[in-house]
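The following exercises are to be worked with the sequence and the coordinates at hand. Each task is followed by a solution in steps.

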Amino acid sequence: MLKITNLVKRYGSGEPVLKDLDLTIEGESVTSIIGSSGAGKSTLLRCINRLVEPTSGSINLNGTELTELRGRQLRAARRKIGMVFQGFNLVDRLTVMENVQSGRLGYISTWAAITRRYPKEDIRRAFELMERVGIAHYADTRADALSGGERQRVGVVRALMQQPEILLADEPTASLDPKTSEQIMGLLRDLAGELKLPVMINIHNVTEAKQYTDRIVGMRYGRIIFDDVPDKLDQEAMDRIYSGSPAADRADEWKAAS
Amino acid sequence: MTLQELGRDDWTRFTPRQRMMRFAVFALCAAAIAWALTSIEVIWAWVWDAPIQMGDLFGRMVPPDPTNLGVILRVLWETVNIATIATALAVVIALPVAYLSAQNTTPNRATLWLGRFILVSSRSINTIIWALLFVAIFGPGIVAGIVAIMFRSIGFVGKLLGEAIEEIDKRPVEALEATGASRFKVIAYAIVPQVMPTFWAVAILRWDINLRESTVLGLVGAGGIGIILQGAIDTFNWPEAATVLLAILALVIIGEIVSVFLRRRIL
């Protein structure tokens with residue numbers, strides 16, 4: 001269970017990007033987070049694995065308080081959090097297998113990592129997962145030779161190699177064409193069920209969010225203003241989430257404050 | 001266009017004031033050059049004499065004397081070895097220096113400045129000056145030459161490699177940090193693969209440069225073909241000097257061919 005309470009993130013001395021945010025993710029559900037650009041979706045996801053340092057508040061994953069970890073402990077906690085990126089973030093000049101195995105870097109010895117002598121069970125798991133998503137025949141191909149959809153599959157397998165307790169996906173389909181985008185969303189949903197894994201997906205495509213996820217969280221300028229099953233997301237809720245702009249919201253708040 | 005400008009048929013690129021300024025700057029530059037020319041002592045008779053001297057020297061060099069060719073080629077091989085060993089050592093030492101001098105990998109401010117200090121001090125001193133220094137330390141010979149070329153190369157390789165590290169795509173680095181990999185493993189998996197092409201290109205380029213630099217080391221007694229050239233010139237043995245020059249020319253061309261070949265194979 002992921003429990004976020006009173007999370008605040010402020011860049012520099014400006015307005016906070018996340019304001020006293022509370023969110024609980026339970027079980028093996030797929031949750032999508034929607035909201036216009038600048039609403040803080042990406043920041044929220046990156047606070048969970050501490051790619052972004054939260055300003056205050058608490059993030060608790062299965063009993064581990066993530067906000068206070070440092071060094072070795074932080075790395076140990078990060079191993080349990082998989083992440084899939086919009087730009088795939090693969091190492092282009094490495095093979096698909098090396099990219100996939102880089103999800104195990106937190107577990108294996110430095111020597112094994114450098115000499116590419118991966119443990120047998122890791123290799124077996126890698127082939128199983130690659131077979132599952134349909135990229136096993138690319139194991140020895142360089143990552144930059146693959147198409148967008150295939151590259152994102154490598155990204156997904158890399159995250160799953162970590163044997164994560166939660167999977168974060170930061171706009172995983174925004175760089176893909178509509179058909180590939182649906183395939184990846186379907187894949188994330190199916191894998192969540194198969195691996196009993198909670199998944200959080202930042203997404204701009206509301207249709208896909210409704211179709212592929214169990215719960216929709218709507219963010220507007222640092223706050224959660226909608227949190228329900230997809231069927232409850234009506235036009236009125238959509239308008240509230242997407243109307244205006246972060247800049248206009250900021251101006252409103254200043255007016256209210258003064 | 002306003003109405004006043006209708007029917008205008010005079011136009012100049014510069015206003016009179018601008019034209020005066022341009023002329024003044026030009027006059028100033030000419031004056032500076034004239035002053036520089038008059039302040040150095042040129043013995044003009046020797047300058048006008050140069051074509052005759054050149055013809056004379058050429059006459060003495062032809063035909064080149066190949067009697068010492070065996071020795072020359074052996075020493076030339078030694079020169080190649082100086083360049084190769086020095087490049088290999090420099091590349092290895094430049095790796096940690098590049099790591100320190102790249103903003104995105106250096107551990108802290110102090111190490112950044114340490115890295116940059118090493119690069120600048122290595123680069124700002126010419127190979128010949130390094131050679132003079134190391135001949136004093138190690139005595140004349142090949143060791144001084146190797147160390148001199150190595151010292152100059154560390155700055156060159158380290159600087160270019162450090163810049164390559166700063167220009168990498170940061171997204172894979174972020175992704176691997178998110179998997180819980182240690183700093184060292186992130187470097188090995190996300191940074192090293194990205195700078196490998198630059199690494200080989202810079203190493204080959206520097207080897208090519210070092211080949212040429214090592215031919216002059218002998219002039220200050222730091223080993224290599226330069227010693228024989230110096231000896232030939234000192235004893236007015238111009239035919240042999242010609243052979244040495246031709247041998248150096250051949251070496252540089254071969255080096256160029258080899259480095260083009262390597263670059264094509266590796267990259």
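## Exercise 1. The contact between the chains

In this predicted model, the contact draws 19 residues from chain B and 22 residues from chain A.

**Task.** Determine which helix of chain B gives the largest share of the side that touches chain A, and describe that side by residue class.

**Solution.**
1. Identify the helices that take part: helix 7 (170-178) and helix 8 of chain B each supply at least two residues of the side that touches chain A.
2. Rank the contributions: helix 8 of chain B gives the largest share, eight residues.
3. Sort the side of chain B by class: eleven residues are nonpolar, four are polar and four are charged.
4. Consult the predictor's scores for the complex: the ipTM is 0.85 and the pTM is 0.76.

## Exercise 2. The overall form of each chain

**Task.** For chain A and chain B, compare the radius of gyration with the value from the globule rule.

**Solution.**
1. Take the secondary structure of chain B: it has ten helices and zero strands, in the order α-α-α-α-α-α-α-α-α-α along the sequence.
2. Apply the rule to chain B: for 267 residues it gives 18 Å, whereas the radius of gyration is 27 Å, so chain B is more spread out than a compact globule.
3. Note the box filled by the C-alpha atoms of chain B along the principal axes, roughly 85 × 75 × 35 Å.
4. Turn to chain A, which has ten helices and ten strands.
5. Apply the rule to chain A: a compact globule of 258 residues would have a radius of gyration near 18 Å, and the 19 Å of chain A agrees with this. The C-alpha atoms of chain A fill a box of roughly 60 × 40 × 30 Å along the principal axes.
6. Add the burial: buried residues make up 41% of the 258 residues in chain A, and 35% of the 267 residues of chain B count as buried.
7. Add the contact range: among contacts in chain A between residues at least 6 apart in sequence, 67% join residues at least 24 apart. In chain B, residues 24 or more positions apart account for 71% of the contacts with a separation of 6 or more.

## Exercise 3. The two domains of chain A

**Task.** Describe how domain 1 of chain A meets domain 2 of chain A, and state which helix of domain 1 supplies the largest share of its side.

**Solution.**
1. Set the bounds: domain 1 of chain A covers 1-80 + 168-257, and domain 2 covers 85-163.
2. Locate the centres: over C-alpha atoms, 26 Å separate those of domain 1 and domain 2 of chain A.
3. Count the residues in contact: 15 residues of domain 1 of chain A touch twelve residues of domain 2.
4. Assign the side of domain 1: helix 2 (71-78) and helix 7 (178-194) of chain A each supply at least two of its residues. Helix 7 of chain A gives the largest share, five residues.
5. Classify the side of domain 1 of chain A that touches domain 2: seven residues are nonpolar, three are polar and five are charged.

## Exercise 4. Helix 10 of chain B

**Task.** Test the span of helix 10 of chain B against the expected value, and find the helices against which its buried residues pack.

**Solution.**
1. Compute the expected span: helix 10 of chain B (residues 238-266) has 29 residues, which at 1.5 Å a residue should span 42 Å.
2. Compare: the end C-alpha atoms of helix 10 of chain B are 42 Å apart, in agreement.
3. List buried residues of helix 10 of chain B, among them Glu240(B), Thr243(B), Val244(B), Ile248(B) and Leu251(B).
4. Find the partners: the buried residues of helix 10 of chain B pack against helix 2 (44-61), helix 3 (69-101), helix 8 (183-214) and helix 9 of chain B.

## Exercise 5. Backbone exceptions

**Task.** Is Phe236(B) buried or exposed, and where does Pro63(B) lie?

**Solution.**
1. Recall the general expectation: most residues other than glycine have a negative phi, and most peptide bonds are trans.
2. Examine Phe236(B): its phi is positive, near 55 degrees, and it lies in the loop between helix 9 and helix 10 of chain B. With 9 other C-beta atoms within 10 Å, Phe236(B) is exposed, because the cut-off for that class is 12 or fewer.
3. Examine Gln163(A): its phi is also positive, near 50 degrees, and it is found in the loop between helix 6 (148-161) and strand 7 (166-170) of chain A. Having 15 C-beta neighbours inside 10 Å, Gln163(A) counts as partly exposed.
4. Examine Pro63(B): a cis peptide bond, with omega about 0 degrees, joins Val62(B) to Pro63(B). Pro63(B) lies in the loop between helix 2 and helix 3 of chain B.

Technical notes:
Residues numbered from 1 in each chain as written. Chains lettered and ligands numbered in written order. Predicted model: local features only at pLDDT ≥ 70, side-chain atom pairs only at ≥ 80, totals over all residues. Domains from an automatic or database assignment. Contact = placed C-beta atoms within 7 Å. Helix = DSSP H or I, 4+ residues; strand = E, 2+ residues; numbered from the N terminus. Nonpolar A, V, L, I, M, F, W, Y, C, P; charged D, E, K, R; others polar. Expected span 1.5 Å × (residues − 1). Buried ≥ 20, exposed ≤ 12 C-beta atoms within 10 Å, placed from the backbone. Rg over C-alpha atoms; globule rule 2.2 N^0.38 Å.
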